[in-house]
Each structure stands twice: as C-alpha cells, then as structure tokens.
Amino acid sequence: MSTLPVFRWHLAPDGYATRRQLRARDLRPGGQDVAAQLERPRRRGRPPLLAYLYRVDLAKPVRPMTPGRWRAHAAMMRARRTCPECRQDAGYVIPPTLGSCVTCAYPEEQRAA
C-alpha cells in the first residue's frame, strides 16, 4: 500500500484541488482516487485537520442538470418548506429543530402580536 503525499495547509502544488475547489471550476473528481492530502496543524495536541486533494488534470466536468433532476430538486425543496401541521408552504426551509413552521411551533406568540 502506498502512502499519500502530505502537504501543509496552503502549500499544495499547482495541479491539485479539493472537491470544493474542483466544483468552483465546474469539475468533479470523476472516480479518481485521492491523490494527496493537506494537513492543518492545531493547538493543544489536537490532531490536524485533513483535506483530501484530487488531480485537476484527471477531473471531469460536472454533469448537467436534466429536466428530471430539476423537477426532483424542486419537489425536494417544496417538501422541506411545507409545514407538516398546517400543510402550508412556509416560504423558507423549516428548521428540523422546530419540526413545523414558526406559526405552528409558537401559536401563542402569533396571537399576542
């Protein structure tokens, strides 16, 4: 088993990128294995933060959104905005901590206002 090259934070050579950096360039790893890793040291004996790097020359373009994917995405977002109690579109993504829209979660405050 070969070990990955390890670079210090901000010192990776050109030609390597993280997933987020690839996505910013409209690229994806495309099935390639991790090529290297970055290590960011931390204080007080904590383990370093790691970031995996991929080779830019082996990256592939992101797949375009098809009409079916757009419909599925819209349905998913609609489900996240729909209150399970009043079945209304809240106009925002309902926080999982509340589990319902603000109006249903705090009805007494809505009457007082």
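These legends accompany close-up views of a predicted model.

**View 1. Thr18 and its neighbours in the loop between β2 and α1.**
Start at Thr18, which sits in the loop linking β2 (16-17) with α1 (19-24). Is this residue buried or exposed? Its relative accessibility is 17%, so Thr18 counts as buried, since buried means under 20%. Leaving aside residues up to four places away in sequence, look for the contacts of Thr18 with Ala51, Tyr52 and Leu53.

**View 2. Ala12 in the loop between β1 and β2.**
Now move to Ala12, found in the loop that follows β1 (6-8) and comes before β2. Ala12 has a relative accessible area of 28%, so this residue is partly exposed; that label covers values between 20% and 50%. Which residues does Ala12 touch, not counting those up to four places away in sequence? They are Phe7, Leu38 and Leu53. You may recognise Leu53 from the first view, where Leu53 touches Thr18.

**View 3. Ala12 and Met77, a pair to compare along the chain and in space.**
Keep Ala12 in sight and find Met77, 65 residues apart from Ala12 along the chain. In space, the C-alpha atoms of these two residues are separated by 37 Å.

**View 4. A positive patch on the surface.**
Finally, meet a group of arginines: Arg40, Arg42, Arg43, Arg44 and Arg46 form a positive surface patch. One of them, Arg43, belongs to the loop between β4 (36-40) and β5 (49-55). With a relative accessible area of 72%, Arg43 is exposed, because exposed means over 50%.

Key
Residues are numbered from 1 along each chain as its sequence is written. This is a predicted model: local features need pLDDT of at least 70, side-chain atom pairs count only at pLDDT 80 or more; totals for chains, interfaces and linings use all residues. Side-chain values use heavy atoms; hydrogens and water are left out. Helices (H or I, at least four residues) and strands (E, at least two) are DSSP runs, numbered from the N terminus. Buried means under 20% relative accessible area, exposed over 50%, partly exposed in between (1.4 Å probe, protein chains only). Contact means heavy atoms within 4.5 Å. Patches are made of residues with over 30% relative accessible area and no salt bridge: like charges are joined within 9 Å, nonpolar side chains (Val, Leu, Ile, Met, Phe, Trp, Tyr) within 5 Å. Accessible areas come from the Shrake-Rupley method with a 1.4 Å probe; for residues, only the protein chains shown count as cover. A salt bridge is a side-chain nitrogen of Lys or Arg within 4 Å of a carboxyl oxygen of Asp or Glu. Lys and Arg count as positive and Asp and Glu as negative; His and the chain ends are not counted. The place of a charge is taken as NZ of Lys, CZ of Arg, CG of Asp or CD of Glu.
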